[in-house]
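Please open the model in the viewer and keep the selection tool at hand. The tour below proceeds from one selection to the next.

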Amino acid sequence: MIMKKIILLILLLVSQSSISGQSYLYGVRHNSGNYYFSKYNITNNTCSDLQLITSIGGISSSMSSCTDPFNNVYYLGTGSTILGFNINTGAIVTNFTIPYPGYCNKIVFNSCDTSIYALQNYNSVVNLVRFKPSTNSISVIFSQNYPIGFCGGCNGFINPDNQTYTLDMGSHIIGIDLN
C-alpha cells in the first residue's frame, strides 16, 4: 500500500490547493534509504519525488514545516536549518543555518509579513524568532525564562487577525503577541 511508504512531516496548507489548482500534499518522504521533498497527488494516488535532500539524516517528530502560498515555497525546519523548496520544481530556494544556540521548532508562516516564526528553547529560555526569507535574516522578537519541552504532537499557529503566535502544548496554551 502506497500510504505506508510515504512519510509526510506536515501536510499541505489549505491555501496551497487553490494556488496549484490541484489537490497535492507536500512533505518529506523516506524511500530506499534516502529522503526526498515530495508531492502526493490525492486525486490519482501518486507520489512524485521532486528533490533529494542530502542535508538531513532522518526524520524527527521535532521537525516542522510550513508553506508560503504567495511564493510557492515549502519550508522545512530541521532545528538547526530552514530549507525552502519550490513546490513546482523541487529546487532548493532557501538553505539557512540558524546562528543562535538551541533548537528552533514549530515554524509557522505569517501571511501578513511573509516571515517565518519559530520557537527556540535553550537553557530554559524560550525565544520566539522571526526568519525573513527575503533577506535571509533572523532575529529574536520575544524571550522569556520559561522551561518548556517541545513535544512532537504540539501545534504552533499564527492568528492573522490579532497577530499572535500560539503554541498548543497539549496541557496548556502559550500566546505571544507579534506586534
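With the side chain of which residue does the side chain of Q163 make a polar contact? Select Q163 in this predicted model and display its side chain: the partner is the side chain of N110, at 2.9 Å. Q163 is placed in the loop between β12 (155-159) and β13 (164-168). Despite the loop setting, Q163 counts as buried, because its relative accessible area is 12% and the cut-off for burial is under 20%. Now extend the selection to the contacts of Q163, leaving aside neighbours within four places in sequence: N110, C112, I176, D177, L178 and N179.

**The nonpolar cores**

Next, select Y75 and I116. Within the largest nonpolar core, which has 14 residues, these two touch the most other members. Colouring by strand is useful here: β5 (73-77), β8 (103-110), β9 (115-122) and β10 (125-132) each supply at least two residues of this core. The largest share, three residues, comes from β8. Keep I116 selected and show its surroundings. Beyond four places in sequence, I116 is in contact with C66, Y75, I82, I107, V108, F109, V129, R130, F131 and P133. Then move to a second, separate core of 13 residues, which includes V28, Y74, L76 and L83.

**Strand β11 and the loop before it**

Select S137, which is in strand β11 (residues 137-145). Is S137 buried, partly exposed or exposed? It is partly exposed, since its relative accessibility is 31%. The side chain of S137 makes a polar contact with the side chain of T135, at 2.6 Å. Outside the four-place sequence window, the contacts of S137 are R130, F131 and K132. For a further distance, add P99: its C-alpha is 9.8 Å from that of S137, although the two residues are 38 apart in sequence.

Now select N136, in the loop between β10 and β11. Its phi is near 55°, a positive value in a residue other than glycine. N136 is partly exposed, with a relative accessible area of 40%.

**A loop between β1 and β2**

The last selection is S32. Where is S32 placed? It lies in the loop between β1 (24-31) and β2 (34-41). The phi of S32 is near 55°, again a positive value in a residue other than glycine. S32 counts as exposed because its relative accessible area is 68%, and the cut-off for exposure is over 50%.

Conventions. Residues are numbered from 1 along each chain as its sequence is written. This is a predicted model: local features need pLDDT of at least 70, side-chain atom pairs count only at pLDDT 80 or more; totals for chains, interfaces and linings use all residues. Side-chain values use heavy atoms; hydrogens and water are left out. Helices (H or I, at least four residues) and strands (E, at least two) are DSSP runs, numbered from the N terminus. Buried means under 20% relative accessible area, exposed over 50%, partly exposed in between (1.4 Å probe, protein chains only). A polar contact is a pair of N or O atoms within 3.5 Å; within protein, one must be able to donate a hydrogen and the other to accept it, and residues adjacent in sequence count only if both atoms are side-chain atoms. Contact means heavy atoms within 4.5 Å. A nonpolar core is a set of buried Ala, Val, Leu, Ile, Met, Phe, Trp, Tyr and Cys residues joined through side-chain atoms within 4.5 Å.
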